[in-house]
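Please read this report alongside the sequence and the 3D view. The structure appears first, and the description follows.

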Amino acid sequence: MAAPSSQPAPRANPTVAALLTWLVPGAGHAYAGVPVLGAIGFVLVVGLFGAGFLLSDGRMWEFLSAELRGPYATLLAPEAGSLGGWLTIRELRGYGPTFPREFPGTIHLGSMLLAASGVLNACLMASAHFAARRPVEGASLAPRIDPGMATFCGFLLPGLGHFLQGRKRRALLVGGLLIGFFLLGTVLAEGTNLSRESHFYYWSGQVFLGLPAMLTELALGSPPLTGPIRFEQVGLLFASLAGLLNVLAMLDVYAWRDDQAMGRDPVQARRKPGKGDSK
Amino acid sequence: MILHMILFAIASLVIVVMSALYSEADDSAALASVPRRFVRFYGACVVLAAIVWLMGL
């Protein structure tokens, strides 16, 4: 790749664009001068959030064991990726009443959609940050997929973001490794890892595995405890770790596209100075 | 004990492969660095576990 030319002036402040999107989905794109992409992002994030809110009756924070209902617990939930959505839940429902009551049957699906809306908005923030800058002249822009959307595809199915970037070997490696690790964890925990209500923090980690985790939860539900599970803690750790490691894979997808657009060689950009110089 | 070490080795391998892929964008170079990274990571964890065990924690 040709040496990068001088960095052009940004369209807008990238940090402001990202923060605006955190508060209102799409606002960062509008600020950066790409309102159509912002409007699409707004519809997608708010649509997912609205569907999740309706299906869960807005009671996803009530759907936690009592000891987890602390003031900061939900900041670690995926829905915190959208501050606007997070504030909406806090103002309209919060942790709910202190007495127990029956949850709607669709609360699992609703919780997943809300989590997906948070992750999508976080990817939209990355996209807004990218949109606020200008690619350098002559930089490789193929394939022309928005880095935020490629990252979200990597969330939906581990490896998909890499695949869309043409990195097929890495896509297979990431997808196979992480989905296999998650399934091994689910087997070891005998499916108890799939309960947001019982294992909120572990669940919040594993939901970053996207559709494989969500579909497994929808298929298996929350199996009843019939006795002690020998490897429950190991299984919880494996499943949660699989999701968190997918965040690393998502960052890899974003960084690749960002390096390309900014005129850097994605391979050389990540090497420490001096390493690989002789090649 | 051996079973736990095997399970930890599985988790370590996944962590190490993903960290190698993140820090090295070239697939061949990333995979080539996995054995060295795995030995370093697993070895350091064993040393840490041994220290904790010796301290009686």
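Helices (H or I, at least four residues) and strands (E, at least two) are DSSP runs, numbered from the N terminus. In chain A, the order of elements from the N terminus is α-α-α-α-α-α-α-α-α-α-α-α. That makes 12 helices and zero strands for chain A.

This is a predicted model, in which local features need pLDDT of at least 70, side-chain atom pairs count only at pLDDT 80 or more, and totals for chains, interfaces and linings use all residues. Residues are numbered from 1 along each chain as its sequence is written, while chains are lettered from A and ligands numbered from 1 in the order in which they are written.

**Confidence**

pLDDT is the predictor's confidence in each residue, from 0 to 100. Chain A averages 85, and 90% of its residues score at least 70. Within chain A, confidence is highest in α8(A), at a mean of 95, and lowest in helix α12 (residues 266-269), at 81. Chain B has a mean pLDDT of 91, with 98% of its residues at 70 or more. The model scores are ipTM 0.90 and pTM 0.86.

**Chain A and its two domains**

A residue is buried if 20 or more other C-beta atoms lie within 10 Å of its own, exposed if 12 or fewer, and partly exposed in between; C-beta atoms are placed from the backbone. Chain A has 279 residues, and 51% of them count as buried. Two residues are in contact if their C-beta atoms, placed from the backbone, lie within 7 Å. Take the contacts in chain A between residues at least 6 apart in sequence: 74% of these join residues at least 24 apart.

Domain bounds come from an automatic or database domain assignment. Chain A is split into domain 1 (1-134) and domain 2 (143-279). Their C-alpha centres are 19 Å apart. At their meeting, 23 residues of domain 1 contact 24 residues of domain 2. The domain 1 side of this contact has 18 nonpolar, five polar and no charged residues. Here Ala, Val, Leu, Ile, Met, Phe, Trp, Tyr, Cys and Pro count as nonpolar, Asp, Glu, Lys and Arg as charged, and the others, Gly among them, as polar.

**The core**

A nonpolar core is a set of buried Ala, Val, Leu, Ile, Met, Phe, Trp, Tyr and Cys residues joined through C-beta atoms within 7 Å. The largest one has 86 residues, and A:A17, A:L178, A:F238 and A:A242 have the most contacts inside it. α5(A) gives the most to this core, with 16 residues. Both domains of chain A give residues to this core, so it lies between them.

Beyond its neighbours within four places in sequence, A:A17 contacts residues including A:Y31, A:A128 and A:H129.

**Individual residues and a helix of chain A**

| Residue | Place | Other C-beta atoms within 10 Å | State |
|---|---|---|---|
| A:G185 | helix α8 | 25 | buried |
| A:E190 | loop between α8 and α9 | 18 | partly exposed |
| A:V247 | helix α11 | 18 | partly exposed |

Leaving out residues up to four places away in sequence, A:G185 touches A:N193, A:G235, A:F238, A:A239 and A:A242. A:E190 is not a glycine, yet its phi is positive, about 55°. A:V247 and A:F208 are 39 residues apart in sequence, and their C-alpha atoms are 6.8 Å apart.

Helix α10 (residues 211-220) buries A:P212, A:A213, A:M214, A:T216 and A:E217. Their cover includes α5 (107-131), α8 (168-188), α9 (200-206) and α11 (232-261) of chain A. After α10(A) comes A:G221, with a positive phi near 60°.

**Chain B against chain A**

Which helix gives the most to the side of chain B that touches chain A? First, the contact itself: 13 residues of chain B meet 18 residues of chain A. Helix α1 (residues 2-23) of chain B gives the most to the chain B side, with nine residues. By class, that side has nine nonpolar, one polar and three charged residues.

The expected span of a helix is 1.5 Å times one less than its number of residues. For the 22 residues of α1(B), that comes to 32 Å; the end C-alpha atoms are 31 Å apart, which agrees. B:V16, B:V17, B:M18, B:A20 and B:L21 are buried in α1(B). The buried residues of α1(B) pack against α8 and α11 of chain A, together with α2 (27-32) and α3 (34-54) of chain B.
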